[in-house]
Amino acid sequence: MHKLNCIGVLTSGGDAPGMNAALRAVTRTAIFNNLQVKAIYRGYRGLITGEIVPFQTESVSNIIQRGGTILKTARCPEFQTPEGRRQAYDNLVREGINALIVIGGNGTFTGAHIFSQEYEIPIVGIPGTIDNDLYGTDSTIGYDTALNTITDAVDKIRDTASSLERLFLVEVMGRDAGYLALYGAIASGAESAIIPEIVTEEDQLEGLIQNGFRKTKNSSIVLVSESEKTGGAFGIAARLKEKGFTPHVTKLGHIQRGGSPSAIDRILASRIGVAAVDALLDEQRNIMVGIVKDEIVHVPFNRAIKDKKPVEKYMFDVLRLLSI
Ligand code: ATP
(Lines give C-alpha, C1' and ligand atoms only; values in the text may rest on other atoms or scores of the structure.)
Protein backbone atom coordinates (compact mmCIF):
# COMPACT_ATOMS: atom_id res chain seq x y z
CA MET A 1 0.00 0.00 0.00
CA HIS A 2 1.17 3.56 -0.75
CA LYS A 3 1.94 5.76 2.22
CA LEU A 4 -1.21 7.68 3.14
CA ASN A 5 -0.80 11.27 2.04
CA CYS A 6 -3.97 12.30 0.24
CA ILE A 7 -7.58 11.58 1.22
CA GLY A 8 -10.49 11.91 -1.20
CA VAL A 9 -13.91 12.66 0.31
CA LEU A 10 -17.39 12.52 -1.20
CA THR A 11 -21.08 12.59 -0.23
CA SER A 12 -23.41 10.15 -1.96
CA GLY A 13 -27.02 8.92 -2.07
CA GLY A 14 -29.69 10.95 -0.30
CA ASP A 15 -28.48 14.17 1.30
CA ALA A 16 -28.77 14.50 5.07
CA PRO A 17 -28.36 17.44 7.46
CA GLY A 18 -24.93 17.20 9.05
CA MET A 19 -23.09 15.96 5.96
CA ASN A 20 -21.36 19.35 5.76
CA ALA A 21 -20.32 19.14 9.40
CA ALA A 22 -18.79 15.72 8.65
CA LEU A 23 -16.98 17.08 5.59
CA ARG A 24 -15.59 19.93 7.68
CA ALA A 25 -14.36 17.53 10.35
CA VAL A 26 -12.72 15.20 7.81
CA THR A 27 -11.02 18.08 5.99
CA ARG A 28 -9.63 19.75 9.09
CA THR A 29 -8.54 16.55 10.81
CA ALA A 30 -6.70 15.45 7.67
CA ILE A 31 -4.96 18.80 7.28
CA PHE A 32 -4.06 18.81 10.99
CA ASN A 33 -2.31 15.47 10.32
CA ASN A 34 -0.42 16.90 7.32
CA LEU A 35 -2.54 15.06 4.78
CA GLN A 36 -3.85 16.56 1.59
CA VAL A 37 -7.61 16.57 1.02
CA LYS A 38 -9.37 16.37 -2.33
CA ALA A 39 -13.11 16.85 -2.47
CA ILE A 40 -15.05 14.85 -5.04
CA TYR A 41 -18.26 16.47 -6.27
CA ARG A 42 -21.55 14.64 -6.96
CA GLY A 43 -20.68 11.37 -5.26
CA TYR A 44 -19.45 8.45 -7.34
CA ARG A 45 -20.39 10.30 -10.50
CA GLY A 46 -17.73 12.93 -9.80
CA LEU A 47 -15.22 10.17 -9.19
CA ILE A 48 -15.93 8.84 -12.66
CA THR A 49 -16.05 12.22 -14.43
CA GLY A 50 -13.10 13.64 -12.47
CA GLU A 51 -14.85 16.50 -10.65
CA ILE A 52 -12.12 16.64 -8.02
CA VAL A 53 -10.93 19.78 -6.20
CA PRO A 54 -8.19 20.26 -3.58
CA PHE A 55 -9.60 21.49 -0.25
CA GLN A 56 -7.99 23.72 2.36
CA THR A 57 -9.21 24.54 5.87
CA GLU A 58 -11.04 27.62 4.48
CA SER A 59 -12.89 25.46 1.94
CA VAL A 60 -15.06 24.23 4.79
CA SER A 61 -15.50 27.53 6.63
CA ASN A 62 -19.04 28.55 7.48
CA ILE A 63 -20.69 25.25 6.51
CA ILE A 64 -21.27 23.48 9.83
CA GLN A 65 -24.76 25.05 10.08
CA ARG A 66 -25.79 24.35 6.49
CA GLY A 67 -28.19 21.56 5.49
CA GLY A 68 -27.74 19.45 2.34
CA THR A 69 -24.19 18.94 1.10
CA ILE A 70 -21.95 21.56 -0.48
CA LEU A 71 -20.30 18.72 -2.44
CA LYS A 72 -23.69 17.89 -4.02
CA THR A 73 -24.80 14.32 -4.23
CA ALA A 74 -25.99 12.04 -7.00
CA ARG A 75 -27.26 8.59 -7.75
CA CYS A 76 -24.74 7.04 -10.11
CA PRO A 77 -25.73 3.81 -11.93
CA GLU A 78 -22.38 3.83 -13.84
CA PHE A 79 -20.60 3.02 -10.57
CA GLN A 80 -22.51 -0.25 -10.54
CA THR A 81 -20.61 -1.36 -13.65
CA PRO A 82 -16.99 -2.62 -13.70
CA GLU A 83 -16.17 -0.09 -16.46
CA GLY A 84 -17.44 2.79 -14.32
CA ARG A 85 -15.42 1.67 -11.32
CA ARG A 86 -12.31 1.24 -13.50
CA GLN A 87 -12.63 4.85 -14.63
CA ALA A 88 -13.15 5.94 -11.02
CA TYR A 89 -9.99 4.13 -9.95
CA ASP A 90 -7.97 5.63 -12.83
CA ASN A 91 -9.03 9.10 -11.68
CA LEU A 92 -7.99 8.36 -8.10
CA VAL A 93 -4.55 7.27 -9.28
CA ARG A 94 -4.22 10.33 -11.54
CA GLU A 95 -5.13 12.63 -8.63
CA GLY A 96 -2.73 10.90 -6.24
CA ILE A 97 -5.58 10.02 -3.87
CA ASN A 98 -4.64 6.98 -1.80
CA ALA A 99 -7.62 6.64 0.57
CA LEU A 100 -11.30 7.52 0.40
CA ILE A 101 -13.91 8.66 2.91
CA VAL A 102 -17.49 8.21 1.71
CA ILE A 103 -20.40 9.87 3.49
CA GLY A 104 -23.75 8.24 2.74
CA GLY A 105 -26.08 5.34 3.40
CA ASN A 106 -26.53 1.70 2.57
CA GLY A 107 -26.10 2.02 -1.21
CA THR A 108 -23.01 4.17 -0.82
CA PHE A 109 -21.36 1.55 1.40
CA THR A 110 -22.39 -1.26 -0.95
CA GLY A 111 -20.58 0.55 -3.76
CA ALA A 112 -17.57 1.20 -1.51
CA HIS A 113 -17.44 -2.45 -0.47
CA ILE A 114 -17.40 -3.69 -4.08
CA PHE A 115 -14.85 -1.05 -5.13
CA SER A 116 -12.52 -1.93 -2.26
CA GLN A 117 -12.60 -5.60 -3.22
CA GLU A 118 -11.64 -4.81 -6.81
CA TYR A 119 -8.97 -2.18 -6.18
CA GLU A 120 -6.24 -1.49 -3.67
CA ILE A 121 -7.82 1.53 -1.99
CA PRO A 122 -8.63 1.84 1.73
CA ILE A 123 -12.14 3.24 2.26
CA VAL A 124 -13.84 4.44 5.41
CA GLY A 125 -17.58 5.18 5.55
CA ILE A 126 -19.43 7.83 7.55
CA PRO A 127 -23.14 7.06 8.14
CA GLY A 128 -25.09 9.98 6.69
CA THR A 129 -28.81 9.31 6.19
CA ILE A 130 -31.97 10.53 7.92
CA ASP A 131 -33.41 7.00 8.00
CA ASN A 132 -31.21 5.66 10.84
CA ASP A 133 -31.29 2.29 9.09
CA LEU A 134 -27.62 1.34 9.38
CA TYR A 135 -26.35 -1.40 11.65
CA GLY A 136 -23.31 -0.45 13.73
CA THR A 137 -24.25 3.01 14.93
CA ASP A 138 -26.93 4.05 17.39
CA SER A 139 -27.74 7.06 15.27
CA THR A 140 -26.94 8.14 11.73
CA ILE A 141 -26.04 11.73 10.85
CA GLY A 142 -29.23 13.59 9.93
CA TYR A 143 -31.65 11.41 11.86
CA ASP A 144 -31.99 13.73 14.86
CA THR A 145 -32.62 16.76 12.65
CA ALA A 146 -35.25 14.90 10.63
CA LEU A 147 -36.93 13.78 13.85
CA ASN A 148 -37.11 17.40 15.01
CA THR A 149 -38.56 18.48 11.66
CA ILE A 150 -41.21 15.77 11.87
CA THR A 151 -42.07 16.75 15.43
CA ASP A 152 -42.53 20.42 14.45
CA ALA A 153 -44.67 19.46 11.46
CA VAL A 154 -46.90 17.13 13.47
CA ASP A 155 -47.35 19.82 16.15
CA LYS A 156 -48.77 22.06 13.42
CA ILE A 157 -50.95 19.33 11.96
CA ARG A 158 -52.36 18.69 15.42
CA ASP A 159 -53.77 22.22 15.58
CA THR A 160 -55.89 21.46 12.52
CA ALA A 161 -56.64 17.88 13.54
CA SER A 162 -58.06 18.96 16.90
CA SER A 163 -59.96 21.91 15.42
CA LEU A 164 -61.52 19.79 12.71
CA GLU A 165 -61.88 16.76 15.00
CA ARG A 166 -60.48 14.44 12.41
CA LEU A 167 -58.12 11.54 11.95
CA PHE A 168 -54.83 12.43 10.25
CA LEU A 169 -52.33 10.00 8.77
CA VAL A 170 -48.87 11.54 8.40
CA GLU A 171 -46.43 9.72 6.16
CA VAL A 172 -42.75 9.99 7.01
CA MET A 173 -39.59 8.69 5.32
CA GLY A 174 -37.51 5.73 6.41
CA ARG A 175 -37.57 3.25 3.54
CA ASP A 176 -37.94 -0.08 5.34
CA ALA A 177 -37.06 1.34 8.74
CA GLY A 178 -39.64 2.61 11.23
CA TYR A 179 -37.36 4.81 13.36
CA LEU A 180 -38.66 8.13 12.08
CA ALA A 181 -42.30 7.06 12.42
CA LEU A 182 -42.00 5.45 15.86
CA TYR A 183 -39.79 8.03 17.54
CA GLY A 184 -41.54 10.88 15.71
CA ALA A 185 -44.85 9.58 17.09
CA ILE A 186 -43.51 9.46 20.64
CA ALA A 187 -41.98 12.94 20.36
CA SER A 188 -45.14 14.52 18.95
CA GLY A 189 -47.60 12.71 21.20
CA ALA A 190 -49.24 10.97 18.26
CA GLU A 191 -51.77 8.21 18.89
CA SER A 192 -49.85 5.55 17.03
CA ALA A 193 -47.31 4.63 14.40
CA ILE A 194 -47.56 2.10 11.61
CA ILE A 195 -44.08 0.77 10.97
CA PRO A 196 -42.82 -2.20 8.97
CA GLU A 197 -40.92 -3.94 11.78
CA ILE A 198 -43.24 -4.56 14.71
CA VAL A 199 -46.36 -6.47 13.75
CA THR A 200 -48.25 -6.96 10.56
CA GLU A 201 -49.97 -3.98 9.12
CA GLU A 202 -53.29 -5.80 9.48
CA ASP A 203 -52.83 -6.14 13.24
CA GLN A 204 -51.79 -2.53 13.61
CA LEU A 205 -54.84 -1.28 11.75
CA GLU A 206 -57.23 -3.40 13.75
CA GLY A 207 -55.56 -2.34 16.99
CA LEU A 208 -55.89 1.28 16.00
CA ILE A 209 -59.51 0.96 15.14
CA GLN A 210 -60.37 -0.82 18.34
CA ASN A 211 -58.30 1.26 20.72
CA GLY A 212 -57.59 4.51 18.99
CA PHE A 213 -60.18 6.16 16.86
CA ARG A 214 -63.36 5.31 18.71
CA LYS A 215 -62.49 6.71 22.06
CA THR A 216 -63.37 10.00 23.65
CA LYS A 217 -60.58 11.78 21.80
CA ASN A 218 -61.79 14.20 19.21
CA SER A 219 -58.81 13.80 16.93
CA SER A 220 -56.12 11.26 16.21
CA ILE A 221 -52.75 11.45 14.51
CA VAL A 222 -51.00 8.34 13.27
CA LEU A 223 -47.48 8.40 11.79
CA VAL A 224 -47.02 5.96 8.93
CA SER A 225 -43.68 4.83 7.51
CA GLU A 226 -43.38 5.04 3.76
CA SER A 227 -43.46 1.43 2.64
CA GLU A 228 -44.05 -0.44 -0.56
CA LYS A 229 -45.65 -3.22 1.43
CA THR A 230 -48.45 -1.10 2.91
CA GLY A 231 -48.63 1.61 0.25
CA GLY A 232 -47.72 4.11 2.99
CA ALA A 233 -50.28 6.57 4.35
CA PHE A 234 -52.30 6.58 1.13
CA GLY A 235 -52.54 2.77 1.16
CA ILE A 236 -53.63 2.74 4.81
CA ALA A 237 -56.14 5.55 4.14
CA ALA A 238 -57.73 3.58 1.31
CA ARG A 239 -58.24 0.58 3.59
CA LEU A 240 -59.59 2.76 6.40
CA LYS A 241 -62.11 4.31 4.01
CA GLU A 242 -63.40 0.82 3.27
CA LYS A 243 -64.03 0.50 7.01
CA GLY A 244 -65.99 3.75 7.17
CA PHE A 245 -63.30 6.22 8.28
CA THR A 246 -62.42 9.42 6.44
CA PRO A 247 -58.79 10.15 7.26
CA HIS A 248 -56.79 13.13 6.00
CA VAL A 249 -53.38 12.26 4.61
CA THR A 250 -50.27 14.42 4.78
CA LYS A 251 -47.03 13.25 3.22
CA LEU A 252 -44.19 15.24 4.73
CA GLY A 253 -41.83 14.46 1.84
CA HIS A 254 -38.55 16.25 1.33
CA ILE A 255 -38.93 18.81 4.11
CA GLN A 256 -37.71 15.95 6.32
CA ARG A 257 -34.30 16.02 4.65
CA GLY A 258 -33.78 19.76 4.73
CA GLY A 259 -32.80 22.41 7.21
CA SER A 260 -29.93 23.32 9.44
CA PRO A 261 -28.56 20.30 11.34
CA SER A 262 -29.42 20.02 15.04
CA ALA A 263 -26.65 20.44 17.60
CA ILE A 264 -26.76 16.67 18.18
CA ASP A 265 -26.17 15.96 14.47
CA ARG A 266 -23.37 18.52 14.23
CA ILE A 267 -21.61 16.96 17.22
CA LEU A 268 -22.15 13.42 15.91
CA ALA A 269 -20.81 14.40 12.48
CA SER A 270 -17.80 16.17 13.98
CA ARG A 271 -16.93 13.23 16.21
CA ILE A 272 -17.32 10.60 13.49
CA GLY A 273 -15.49 12.80 10.95
CA VAL A 274 -12.45 13.02 13.23
CA ALA A 275 -12.64 9.27 13.95
CA ALA A 276 -12.84 8.42 10.23
CA VAL A 277 -9.50 10.11 9.50
CA ASP A 278 -7.99 8.55 12.65
CA ALA A 279 -9.15 5.14 11.38
CA LEU A 280 -7.33 5.63 8.07
CA LEU A 281 -4.18 6.76 9.90
CA ASP A 282 -4.53 3.58 11.96
CA GLU A 283 -4.53 1.57 8.72
CA GLN A 284 -8.15 0.54 9.10
CA ARG A 285 -9.94 -0.08 5.83
CA ASN A 286 -13.32 -0.94 4.44
CA ILE A 287 -15.21 -0.12 7.58
CA MET A 288 -17.93 2.25 8.64
CA VAL A 289 -17.28 4.38 11.70
CA GLY A 290 -20.21 4.53 14.09
CA ILE A 291 -20.99 5.35 17.70
CA VAL A 292 -22.54 2.69 19.93
CA LYS A 293 -23.27 3.51 23.57
CA ASP A 294 -21.17 6.64 23.24
CA GLU A 295 -18.08 4.72 22.04
CA ILE A 296 -16.53 4.95 18.58
CA VAL A 297 -16.80 1.60 16.76
CA HIS A 298 -15.49 0.25 13.46
CA VAL A 299 -17.94 -1.94 11.56
CA PRO A 300 -16.96 -3.87 8.40
CA PHE A 301 -18.94 -2.62 5.39
CA ASN A 302 -20.57 -5.99 4.80
CA ARG A 303 -22.06 -5.97 8.31
CA ALA A 304 -23.17 -2.33 8.13
CA ILE A 305 -24.94 -3.12 4.86
CA LYS A 306 -26.48 -6.50 5.66
CA ASP A 307 -27.10 -6.71 9.40
CA LYS A 308 -30.40 -5.41 10.69
CA LYS A 309 -30.75 -2.79 13.37
CA PRO A 310 -34.15 -3.56 14.89
CA VAL A 311 -36.20 -0.79 16.48
CA GLU A 312 -36.54 -1.20 20.22
CA LYS A 313 -39.85 -2.99 20.69
CA TYR A 314 -40.40 -1.56 24.15
CA MET A 315 -40.54 1.91 22.60
CA PHE A 316 -43.62 0.79 20.74
CA ASP A 317 -45.12 -0.19 24.09
CA VAL A 318 -44.20 3.26 25.43
CA LEU A 319 -46.08 4.85 22.54
CA ARG A 320 -49.11 2.63 23.05
CA LEU A 321 -49.18 3.20 26.78
CA LEU A 322 -48.97 6.96 26.49
CA SER A 323 -51.71 7.25 23.90
CA ILE A 324 -54.52 5.85 26.09
P1 ATP B 1 -29.86 6.92 1.32
O2 ATP B 1 -29.95 5.87 2.40
O3 ATP B 1 -29.95 8.29 1.88
O4 ATP B 1 -30.75 6.71 0.14
P5 ATP B 1 -27.71 5.60 -0.06
O6 ATP B 1 -26.24 5.73 0.10
O7 ATP B 1 -28.32 4.29 0.37
O8 ATP B 1 -28.36 6.82 0.73
P9 ATP B 1 -28.20 4.98 -2.87
O10 ATP B 1 -28.77 5.86 -3.92
O11 ATP B 1 -28.86 3.70 -2.57
O12 ATP B 1 -28.12 5.93 -1.56
O13 ATP B 1 -26.68 4.69 -3.25
C14 ATP B 1 -25.79 5.73 -3.58
C15 ATP B 1 -24.89 5.32 -4.72
O16 ATP B 1 -24.09 4.20 -4.33
C17 ATP B 1 -25.60 4.85 -5.98
O18 ATP B 1 -26.04 5.92 -6.78
C19 ATP B 1 -24.48 4.05 -6.67
O20 ATP B 1 -23.60 4.93 -7.34
C21 ATP B 1 -23.76 3.44 -5.48
N22 ATP B 1 -24.21 2.05 -5.33
C23 ATP B 1 -25.34 1.60 -4.75
N24 ATP B 1 -25.45 0.25 -4.85
C25 ATP B 1 -24.36 -0.16 -5.54
C26 ATP B 1 -23.87 -1.43 -6.01
N27 ATP B 1 -24.55 -2.55 -5.79
N28 ATP B 1 -22.70 -1.45 -6.69
C29 ATP B 1 -21.99 -0.32 -6.90
N30 ATP B 1 -22.41 0.89 -6.52
C31 ATP B 1 -23.55 0.98 -5.84
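This is a short dialogue on reading the ligand site and the largest pocket of a predicted model.

Visitor: Where do I start if I want to find empty space in a structure like this?

Guide: Rolling a probe the size of a water molecule over the atoms shows where empty space is left. Here, the largest pocket holds about 590 Å³ of space.

Visitor: Which residues of its lining lie nearest the centre of the largest pocket?

Guide: Those are Gly13, Arg75, Gly107, Thr108 and Arg175, out of 31 lining residues. Helix α4 provides the largest share of that lining, with six residues.

Visitor: How many of the lining residues are nonpolar, polar or charged?

Guide: Go by residue class: nine are nonpolar, 14 polar and eight charged.

Visitor: And where does the ligand sit?

Guide: Look in the largest pocket; that's where you'll find the ligand. Its shell counts 17 residues, and the closest are Arg75, Cys76, Gly107, Thr108 and Arg175.

Visitor: Which helix gives the most to the shell around the ligand?

Guide: That's α4, spanning residues 106–118, which puts six residues into the shell. By class, the shell has four nonpolar residues, eleven polar ones and two charged ones.

Visitor: What do I look for in polar contacts with the ligand?

Guide: Look for N or O atoms paired within 3.5 Å. Try Arg75: an N or O atom of its side chain is 2.5 Å from a ligand oxygen. Thr108 also uses its side chain, with a polar atom 2.5 Å from an oxygen of the ligand. With Gly105 it's the backbone, where a polar atom lies 2.9 Å from a ligand oxygen.

Visitor: How much of the ligand does the protein bury?

Guide: Start from the ligand taken alone, which exposes 620 Å². The protein buries 86% of that area.

Methods:
Residues numbered from 1 in each chain as written. Predicted model: local features only at pLDDT ≥ 70, side-chain atom pairs only at ≥ 80, totals over all residues. Heavy atoms only, no water. Near = heavy atom within 4 Å. Polar contact = N/O pair within 3.5 Å; in protein donor to acceptor, adjacent residues only side chain to side chain. Areas by Shrake-Rupley, 256 points an atom, 1.4 Å probe, with all protein chains shown as cover. 1 Å grid on protein atoms, 1.4 Å probe; cavity = no way out; pocket = protein on both sides within 12 Å on 5 of 7 lines; lining within 4 Å. Sits in = over half its atoms within 2 Å of the grid points. Helix = DSSP H or I, 4+ residues; strand = E, 2+ residues; numbered from the N terminus. Nonpolar A, V, L, I, M, F, W, Y, C, P; charged D, E, K, R; others polar. Points joined across faces, edges and corners; volume = space filled by probe spheres on them.
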